[in-house]
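Trainee: I'm new to this one, could you walk me through it?
Mentor: Gladly; let us have it on screen and then take it piece by piece.

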Amino acid sequence: MPRRLTPVALAAVLILSGCAPAPSGAEPAPAPGSDAVPADGVTELAAPALHLTTLAPDGAVSHLDLASGRSSTIARIAPADAVAGDGRYLFALREGSVTIVDSGAWTWNHGDHVHYYSGPARVVGDVEGPGTPTVVAGERSVGISFDGGGGPGEAVLVKVAPLADGEIEELFRRDAAAAAAGMVVPLAYGAWVTEVADGRVARLRHVDEDGVAGEAVRCADAAGSIATAVGVVVACADGVVLAADGRPAQTERLDYPAADDRVRAFSGREGRPSVAALTDGGAVWVLDTRARAWHAWRAASAVTAVAAVGDDADHVVAVSRSGEVRVHHGTTGRLLSTVAASGAPAHVPALFPEQRQTYVVDPAGAALVVDHGSGAVLARFALPDGLTVLTGR
């Protein structure tokens with residue numbers, strides 16, 4: 001059972017969770033050992049235990065409780081170059097390994113209602129491989145691609161459920177051609193693994209959880225993946241591929257709105273159909289995966305980060321190069337509100353959108369909570385310098 005379920009259309013919720021449908025009107029029984037059955041030391045809460053979890057340059061992992069404003073150190077690991085998160089786990093990436101840290105805060109979606117949990121934080125362990133890793137977190141599994149460091153690479157798929165017990169279980173590990181942009185993208189079952197032709201990523205090959213390779217889909221220069229309420233999206237050179245319900249047999253291709261531009265990363269609120277991206281040419285593209293439609297526009301001045309909220313008001317949050325936080329209408333790009341800049345950020349900020357507010361995090365050690373409706377700053381927090389993810393979701 002995964003950590004929590006993204007509501008991919010109600011039928012897909014059960015597919016992605018691995019649960020069989022319950023009789024009409026009945027609640028599916030939680031599987032033993034799942035996040036729906038709290039272990040010793042785990043407390044069920046009335047609201048999500050949202051935290052900003054930061055990995056400092058010296059390897060200290062700190063937890064800022066967004067409800068109380070209190071901060072604590074939850075782990076110490078080797079320094080890392082990058083981090084990824086899935087709402088519960090922090091993945092610390094460095095040459096030759098990925099360290100997995102359980103934040104001890106998470107949400108479990110039961111279809112028609114949700115459960116919120118808090119428990120002990122701990123270091124789960126390391127996944128090692130040759131070269132620089134790339135991590136893509138999914139519901140049932142986590143994909144890790146090691147680029148080989150000049151030699152053969154490796155593609156690894158790690159099962160999510162055992163991480164809650166402090167165990168790392170690899171579903172498959174297979175040789176892969178060296179590729180700086182290689183990815184292992186988790187699907188409802190198995191993963192897409194990038195394949196190389198003429199030294200560049202050319203395809204996404206479906207590999208099941210037993211490591212058996214299946215069909216491939218064309219995806220030149222794959223770079224950037226995200227899971228939405230509709231399915232799994234991967235950005236390619238000339239458009240995106242979308243695996244509806246996370247099923248490779250239901251793959252569709254959506255061309256970009258401009259043939260001479262492209263995107264390499266997406267950002268959006270978990271469990272929503274819309275995601276946003278900055279293009280290589282500086283435009284903002286918003287993809288509605290439910291409607292299979294793009295909305296393309298440009299902000300009045302250049303932005304460095306953008307995220308789709310996916311709410312009924314169609315909000316998109318952007319940060320300008322001067323540090324202004326701006327709320328736009330996602331379809332038209334119309335500016336709705338602006339938060340005055342406190343100075344240009346030293347690094348590209350991270351955006352973590354929630355239903356009513358977005359957390360804007362500067363790696364130099366500051367965080368803002370911005371209300372979408374009014375554009376007001378609801379809170380300011382000081383964070384350690386480092387790399388931050390949102391946990392408790």
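**A walk through the strands**

Mentor: Let us begin with one pair: Val306 stands opposite Ala318, which belongs to strand E27. Please keep in mind throughout that this is a predicted model.

Trainee: Okay, so which strands make up the sheet that E27 sits in, and in what order?
Mentor: The order is E26-E27-E28-E29, an open sheet of four strands with antiparallel pairing. E26 and strand E29 (335–339) stand at the edges with a single partner strand each, so one side of each has no neighbour in the sheet. From one strand to the next, the twist averages 20°.

Trainee: How many bridges join E26 to E27?
Mentor: Five bridges join strand E26, which covers residues 303–308, to E27, and the two run antiparallel. Besides the pair we started with, Ala307 has Val317 of E27 as its bridge partner. The two strands form a hairpin with six residues between them, and in its turn Gly310 has a positive phi of about 70°.

Trainee: And what about the other side of E27, how does it pair with E28?
Mentor: That pairing is also described as antiparallel, over five bridges, with strand E28 covering residues 325–329. Within it, Val316 stands opposite His328 of E28. E27 and E28 make a hairpin too, with four residues between the strands, and there Gly323 takes a positive phi near 100°.

Trainee: Is E27 buried or exposed, then?
Mentor: Six of the six residues of strand E27 (residues 315–320) are buried, so the strand is largely enclosed by the rest of the structure. In a regular strand the side chains alternate between the two faces of the sheet. Here His315, Val317 and Val319 point one way from E27, while Val316, Ala318 and Ser320 point the other way, and all of them are buried.

Trainee: Switching topic, what is the order of the strands in the sheet with E15?
Mentor: That open sheet has four strands in the order E15-E16-E17-E18, with antiparallel pairing. Its edge strands are E15 (184–186) and E18 (213–218), each of which pairs on one side only. The twist here averages 30° from one strand to the next.

Trainee: Which residue in E16 is the bridge partner of Val184?
Mentor: The partner of Val184 is Val193, and E15 and strand E16 (residues 191–197) pair in the antiparallel sense over three bridges.

Trainee: Any holes inside? How many cavities of 30 Å³ or more does a search find?
Mentor: A search of the whole structure finds three cavities of that size. The second largest cavity holds about 50 Å³ of space, and E12 (141–146) and E16 are the strands that give two or more residues to its lining.

Trainee: What lines that second largest cavity?
Mentor: The lining has 13 residues, and those nearest the centre of the cavity are Ser145, Ala176, Ala177, Gly182 and Thr194. By type, the lining divides into nine nonpolar residues, three polar and one charged.

Trainee: Last one, where does Ser72 lie, and which residues does Ser72 touch?
Mentor: Ser72 lies in strand E4, residues 71–76, and is partly exposed, with a relative accessible area of 38%. Leaving aside residues up to four places away in sequence, Ser72 touches Val61, Ser62 and His63. The C-alpha atoms of Ser72 and Val61 are separated by 8.6 Å, and the two residues are 11 residues apart along the chain.

Terms used
Residues are numbered from 1 along each chain as its sequence is written. This is a predicted model: local features need pLDDT of at least 70, side-chain atom pairs count only at pLDDT 80 or more; totals for chains, interfaces and linings use all residues. Side-chain values use heavy atoms; hydrogens and water are left out. Two strands pair if DSSP finds at least two bridges between them. Axes are lines fitted to C-alpha atoms, for helices over the stretch in contact, and angles run from 0 to 180 degrees between N-to-C directions. Buried means under 20% relative accessible area, exposed over 50%, partly exposed in between (1.4 Å probe, protein chains only). On a 1 Å grid over the protein atoms alone, a cavity is a set of points where a 1.4 Å probe fits but cannot get out, and a pocket is an open set with protein on both sides within 12 Å along at least five of seven lines; lining residues have an atom within 4 Å of a point. Grid points are joined across faces, edges and corners, and a volume is the space filled by probe spheres set on the points. Ala, Val, Leu, Ile, Met, Phe, Trp, Tyr, Cys and Pro count as nonpolar, Asp, Glu, Lys and Arg as charged, and the others, Gly among them, as polar. Contact means heavy atoms within 4.5 Å.
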